[in-house]
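Here are my notes on this model, set out as numbered points. Please keep the structure open while you read, and look up each residue as it comes.

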Amino acid sequence: MNHLLTAIEVAAMIAFALSGVFEAARKRLDAVGVCVVAGLAAFGGGTLRDVLLDRRPFFWVENAVWLWGLLALCATVMLFMRTQHVAPTERAMQWPDALGLGLFTASGTQIALQAGSPALVAVLMGVITATFGGVLRDIVCNEIPALLRDHRPYAVCAFVGAWVVVALPWLGAEPWQAMLAGGLVSALLRIAALWTGYTLPRWSAGP
Amino acid sequence: MNHLLTAIEVAAMIAFALSGVFEAARKRLDAVGVCVVAGLAAFGGGTLRDVLLDRRPFFWVENAVWLWGLLALCATVMLFMRTQHVAPTERAMQWPDALGLGLFTASGTQIALQAGSPALVAVLMGVITATFGGVLRDIVCNEIPALLRDHRPYAVCAFVGAWVVVALPWLGAEPWQAMLAGGLVSALLRIAALWTGYTLPRWSAGP
Amino acid sequence: MNHLLTAIEVAAMIAFALSGVFEAARKRLDAVGVCVVAGLAAFGGGTLRDVLLDRRPFFWVENAVWLWGLLALCATVMLFMRTQHVAPTERAMQWPDALGLGLFTASGTQIALQAGSPALVAVLMGVITATFGGVLRDIVCNEIPALLRDHRPYAVCAFVGAWVVVALPWLGAEPWQAMLAGGLVSALLRIAALWTGYTLPRWSAGP
């Protein structure tokens, strides 16, 4: 169980770090900027969740090896893109972003449940874990966060997936099954939303 | 005493949530955005204060019912505005904002005093509690925070009110009297500032 | 040793507070805005470090005298600039900024080492302590953080200096020697970068 949780966290961090590298490359930041943006995207959501739940030490303080891994990942991807003359498009960023969204929703919700949070709080922690890294990434790149800018569902996908993680055990499922199912639902919903171009109705008062 | 404190916190949260709903509606965000902005405005200041004072668990983690209440409030207000064709103006946002400012100043300062903070730290906590929710609301709506943008006194109102909360007990008043008086002073100062259009002198060096 | 650490922290806070006052004056904020920006610049980095390392109470909660000192410093500088008709230039801001960068790198890294962090985490804490106050100052003044905007090395200077603080004791140096050397390296690197106008190569994929 805990091994699965760690594996999901690591996969989510790698996915978000990739999205950060692509975003920073599109903005033509320098090498330091690429590492900063990748780090914020990868560690931002999990760190805010840990501050809110008061979980210490942070996983990246306890296991400094992840920080080295992040630096190595950034260097590898930068080197690869430079030698292969690959320029990342906006699409290229959305795939790891959707994957990371699903994975972090699953791990964030499960960790909050294990810490004894009530259902809605656990859901909220899942949503925060899944979205805050991306919000930081966008703010630092001087973009209005995608969460608020485009009207395509983003937080809603995490919200629905987090409820799956919370609710399936009530129906008799094992926590690890609920986690996998919730993560899958989040990621697939996000991918479906990108695919179909569905947008939430803007809310407006009056005519 | 503690019941009064809770009542003030709840009233302040409702006031700031309303200001968030109105602001989000003016920016024509979707339903998710409205709830996010209302939540940041309502819980932002208190949560930062609790992180700084190391008070755990957060009140919205302990009492998840407030989160449900927030969702219900947002849904009700949205439904009401839609069916009644009411479009919120900037004025409409300023009333709950001023009210919330006063209430959060009172509760934030008092909570810091109970946690044993020295006077100036307690005042600062009151100001942070009262202003940070609004700052988050404005940043997320892609506005420069009102705190810094317009030169009408805002943080100053909270600052004065917080000193009232701290100082009245020195003159023999009961804490709950000081709290009510401080909150009232903050809110009235802010309303008076809006009413008269008074602006702080810009500070500039030289001619 | 601990006296040196405190002295370095205080010097760094004064340097960053000055950079905040100058920046706020250049933006023609009012007196409240000047104090807010100076306070964020002076206390922002250290407070984030303390939240991440879970060190309580914060030094400015424990020693409220620093808050009074900050207010007095702001008032004095404002009064001086107004009576002397001195208008701060962008250059004027960069000297205390570079000095504060070096001092906070030294103290932040050393504090993280004393808290038992592994080398890379201590380095990261030094960089966060040194840069976050300036980032807050820039965000609040509605500038893209200098850290990301100009391509002159900034975080890199702190990064190199922090490694000096971590590595010198491995070579047999006393911690206080390592601290002074690391701080000096950071500040001098930053000043050299400003002097020569050296910029990091922008990273770009393909032709």
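1. Start with Thr47(C). This residue is buried, because 22 other C-beta atoms lie within 10 Å, and the cut-off for buried is 20 or more. Thr47(C) sits in helix H2 of chain C. Compare its place with that of Val121(C). The two are 74 residues apart in sequence, and their C-alpha atoms are 16 Å apart in space. Bear in mind throughout that this is a predicted model.

2. Stay in chain C and go to Asp54(C). It lies in the loop between helix H2 (31–53) and helix H3 (59–62) of chain C. Its phi is near 60°, a positive value in a residue other than glycine. Is Asp54(C) buried or partly exposed? It is partly exposed, because it has 14 other C-beta atoms within 10 Å.

3. Now turn to chain B and find Asp54(B). Its place is the loop between H2 and helix H3 (59–62) of chain B. Phi is positive here, near 60°, and the residue is not a glycine. Asp54(B) has 14 other C-beta atoms within 10 Å, so it counts as partly exposed.

4. Look next at the helix pair H1(B) and H2(B). Helix H1 covers residues 2–26 of chain B, and helix H2 covers residues 31–53 of chain B. Their axes come within 8 Å and cross at roughly 145°. The crossing is right-handed. Residues of H1(B) in the contact include Met13(B), Phe16(B), Ala17(B), Gly20(B) and Val21(B). From H2(B), the contact includes Val34(B), Val37(B), Ala38(B), Ala41(B) and Gly46(B).

5. Check the length of H1(B). What span should its 25 residues have at 1.5 Å a residue? The expected value is 36 Å, and the end C-alpha atoms are 36 Å apart, so the two agree. Just after H1(B) comes Arg28(B), which takes a positive phi of about 55°.

6. Now the overall form of chain A. It has 9 helices and 0 strands. From the N terminus on, its elements run α-α-α-α-α-α-α-α-α. The C-alpha trace spans about 55 × 50 × 25 Å along its principal axes. For 207 residues, a compact globule would have a radius of gyration near 17 Å; chain A has 17 Å, so it agrees with that rule.

7. How much of chain A is buried? Of its 207 residues, 49% count as buried. Sequence separation is worth a look too. Take the contacts in chain A with a separation of 6 or more: residues 24 or more positions apart account for 72% of them.

8. The largest nonpolar core has 194 residues. Which of them touch the most other members? They are Val21(A), Ala38(A), Val21(B), Ala38(B), Val21(C) and Ala38(C). Follow one of these, Val21(A). Leaving out residues up to four places away in sequence, Val21(A) touches Val34(A), Ala38(A), Cys74(A) and Val77(A). A general point helps here. In soluble globular proteins, nonpolar side chains tend to be buried together.

9. Helix H8 of chain A runs over residues 155–167, which makes 13 residues. It reaches 18 Å from its first C-alpha to its last, close to the 18 Å expected at 1.5 Å a residue. Its buried residues are Cys157(A), Ala158(A), Phe159(A), Gly161(A), Ala162(A), Val164(A), Val165(A) and Val166(A). What covers them? The cover includes helix H5 (90–114), helix H6 (119–140) and helix H9 (175–196) of chain A.

10. Val160(A) is also in helix H8 of chain A. It has 17 other C-beta atoms within 10 Å, so it is partly exposed. Apart from residues up to four places away in sequence, Val160(A) touches Val185(A), Ser186(A) and Leu189(A). Ser107(A) is 53 residues from Val160(A) in sequence, and the two are 14 Å apart in space, C-alpha to C-alpha.

11. Finish in helix H9 of chain A, where you will find Ile191(A). With 17 other C-beta atoms within 10 Å, Ile191(A) is partly exposed. Which distance separates its C-alpha atom from that of Trp95(A)? It is 7.8 Å, although the two are 96 residues apart along the chain.

How values were computed: Residues are numbered from 1 along each chain as its sequence is written. Chains are lettered from A and ligands numbered from 1 in the order in which they are written. This is a predicted model: local features need pLDDT of at least 70, side-chain atom pairs count only at pLDDT 80 or more; totals for chains, interfaces and linings use all residues. Helices (H or I, at least four residues) and strands (E, at least two) are DSSP runs, numbered from the N terminus. The expected span of a helix is 1.5 Å times one less than its number of residues. A residue is buried if 20 or more other C-beta atoms lie within 10 Å of its own, exposed if 12 or fewer, and partly exposed in between; C-beta atoms are placed from the backbone. Two residues are in contact if their C-beta atoms, placed from the backbone, lie within 7 Å. A nonpolar core is a set of buried Ala, Val, Leu, Ile, Met, Phe, Trp, Tyr and Cys residues joined through C-beta atoms within 7 Å. The radius of gyration is taken over C-alpha atoms; the globule rule is 2.2 Å times the number of residues to the power 0.38. Axes are lines fitted to C-alpha atoms, for helices over the stretch in contact, and angles run from 0 to 180 degrees between N-to-C directions. A crossing is left-handed if the near helix is turned anticlockwise from the far one by less than a right angle, and right-handed if clockwise.
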